[in-house]
Amino acid sequence: MRLSTRIALVAGTVVPLLLVASGWVLVTLVSKDLRAQADQRLAARAQSVAVAARGVLRATSHDRPRAEQARQRKLFTSALDVGVRLTGPGGTVMDGPQPATPVPLPEAGTRPSTVRSQGQSWRVLAVPVNGGGPEARGMLWLFSPDTAREAQLGLVRRRVLTVALLAAPLAGGLGWLLAARAARPLRRLQQTAGGLDPHTGAARLEHTPTGITEVDDLARTLQTFLTRYDEQAARTVEALASARSFSAAASHELRTPLMSMQTNLDILEAFWDLDAADRAETVHDLRHEHARLLGLLVMLRALAQGDLVEAESFEVVDLAELADEAAADLRRRHPEAEVVVDSSPGLTLHGWRPGLRSMLDNLLTNALVHGRSTGPGAYAALSLRPADGDTSPGIVLRVDDRGPGVPPQRREEVFRRFHRRPDSPGSGLGLTLVAQQAALHRAELRVLDGPGGQGARFQVTFPAEWPGHPRQPALPAHRDWLADPADLDRPADPADRGRPQGFHKERP
């Protein structure tokens with residue numbers, strides 16, 4: 001049922017009911033007014049009739065029949081249109097309209113009362129009368145019928161019912177017209193929203209304010225909903241693209257180690273009499289390729305998680321505590337390595353805990369792997385310090401090694417996907433994960449010379465946050481850290497494979 005029809009039915013029902021209720025109140029007020037007028041008329045008439053009644057009682061007490069008859073005529077004449085009944089020592093005289101004799105009458109009072117007789121009501125006023133002695137006392141009653149009042153009230157009731165019956169269709173029709181006009185902006189909004197097609201483009205609802213609060217609020221709600229829908233649709237597209245890229249990257253990067261493993265397996269199967277040294281070398285190669293495959297899959301999964309993480313996953317993280325945990329785990333895996341941590345307590349930020357831990361793990365692992373060439377053993381130094389600033393300080397994370405360092409002209413290349421040195425045991429995705437997490441947290445990532453010009457320093461500067469009010473993350477609109485399948489299949493220089501994403505170079 002249309003809204004205009006519902007409003008018309010409600011108006012056609014409610015308006016007559018309101019009219020009947022108003023009419024009932026009106027009839028009650030009119031009844032009180034008419035009764036008050038009748039009572040005033042009785043009270044005014046009683047003053048003149050009481051004088052004549054006292055004359056009748058005096059004539060009766062002095063036993064003067066002729067004077068009594070004259071006084072009675074004067075009494076009846078002064079009563080005019082009201083009924084009169086006078087009782088005294090000489091009996092009762094009455095004239096005019098009044099209830100039947102057996103009906104009990106009220107005692108003397110200052111206000112009239114109602115008496116009913118034979119289906120008719122009367123207003124009765126009782127007045128004591130004293131003609132000048134004990135034998136000249138009596139009671140005077142004046143009667144006013146309610147016939148005129150009931151007729152007037154009946155006329156008012158009939159008119160109220162007539163108006164209510166006429167108002168029902170008129171109110172319904174007028175309500176329908178007004179509702180149809182008022183619902184016109186709502187219908188336009190419905191037509192506009194119904195014409196949106198998310199398959200042909202972004203679902204944008206254009207709405208011009210109508211001045212109708214409910215319609216404008218509904219339009220804003222729809223716009224908010226559609227904006228969220230577009231965002232989720234875009235995220236769904238990115239998730240599917242990440243899944244396709246994950247599959248493409250895995251198939252591309254795993255091809256070489258799988259073929260190498262297949263070759264080694266073929267050797268083991270073909271040469272049963274292979275000597276122990278060659279067999280051990282072949283098994284070692286298999287273990288190495290297996291570890292490489294496992295590491296590559298773990299890195300690809302981490303990249304995919306970073307591409308799909310939402311702002312709801314961010315929380316307040318104690319970065320110093322997280323750094324101590326990462327260093328402790330690294331020492332357990334590499335007991336021969338020297339891992340130094342120097343951090344200030346209470347350094348917290350609003351971030352994604354798994355991503356920050358992945359950043360710390362990869363920076364420390366990278367320092368150990370590439371810091372062996374000039375020192376007696378593996379070395380990594382991690383420091384956390386507040387950044388100098390005009391507002392609340394940010395956090396500076398530094399990881400130093402004692403390796404050969406990174407030439408300035410190659411400091412952007414190290415963050416490319418699958419970029420690694422020929423002798424590197426890694427997958428070429430560790431520093432890509434670091435760059436991804438720096439971008440997700442709007443941090444500045446730089447490669448510098450190590451202390452004293454020795455080794456390399458990877459520095460991550462997280463933006464400032466007000467104490468007690470952590471900065472809400474502003475995640476990049478598009479995240480494509482996984483390789484593009486089109487780039488993976490094109491013939492190109494291997495060093496250029498997996499071009500770096502543009503947004504990881506943005507600065508907060």
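In what order do the five strands of the open sheet stand? In this predicted model, the order is β2-β1-β5-β4-β3, and the pairing is antiparallel. Strands β2 (91-95) and β3 (113-117) stand at the edges with a single partner strand each, so one side of each has no neighbour in the sheet. On average, neighbouring strands are turned by 25 degrees against each other, direction ignored. As a general point, the strands of a sheet pair through backbone hydrogen bonds, in either a parallel or an antiparallel manner.

**The β1-β2 pair and helix α2**

Strand β1, which covers residues 83-88, is joined to β2 by five bridges, and the two strands run antiparallel. One residue pair illustrates this arrangement: threonine 87 has threonine 92, in β2, as its bridge partner. Helix α2, formed by residues 65-79, lies across β1 and β2 and runs at about 40 degrees to β2.

**Salt bridges**

The structure holds 10 salt bridges, including those in the following table.

| Acidic residue | Basic residue | Distance, N to O |
|---|---|---|
| Glutamate 315 | Arginine 353 | 3.8 Å |
| Glutamate 325 | Arginine 357 | 3.9 Å |
| Aspartate 329 | Arginine 357 | 2.2 Å |

The side chains of arginine 353 and glutamate 315 meet in one of these salt bridges. Because arginine 353 belongs to helix α9 (residues 353-370) and glutamate 315 to strand β6 (residues 315-318), this pair ties together parts that lie 38 residues apart in sequence. Arginine 353 is partly exposed, with a relative accessible area of 31%, and glutamate 315 is also partly exposed, at 35% relative accessibility.

A further salt bridge is formed by the side chains of glutamate 325 and arginine 357. Glutamate 325 lies in helix α8 (residues 319-333) and arginine 357 in helix α9, so the contact ties together parts that are 32 residues apart in sequence. Is each partner buried or partly exposed? Glutamate 325 is partly exposed, with a relative accessible area of 33%, whereas arginine 357, at 18% relative accessibility, counts as buried, because the limit for a buried residue is under 20%.

Arginine 357 also meets aspartate 329 in a salt bridge. Aspartate 329 lies in helix α8 and arginine 357 in helix α9; the pair therefore ties together parts that are 28 residues apart in sequence. Both aspartate 329 and arginine 357 are buried. Through salt bridges that share partners, Glu325, Asp329, Arg332, Arg357 and Asp361 are joined into one network.

Conventions
Residues are numbered from 1 along each chain as its sequence is written. This is a predicted model: local features need pLDDT of at least 70, side-chain atom pairs count only at pLDDT 80 or more; totals for chains, interfaces and linings use all residues. Side-chain values use heavy atoms; hydrogens and water are left out. Two strands pair if DSSP finds at least two bridges between them. Helices (H or I, at least four residues) and strands (E, at least two) are DSSP runs, numbered from the N terminus. Axes are lines fitted to C-alpha atoms, for helices over the stretch in contact, and angles run from 0 to 180 degrees between N-to-C directions. Contact means heavy atoms within 4.5 Å. A salt bridge is a side-chain nitrogen of Lys or Arg within 4 Å of a carboxyl oxygen of Asp or Glu. Buried means under 20% relative accessible area, exposed over 50%, partly exposed in between (1.4 Å probe, protein chains only).
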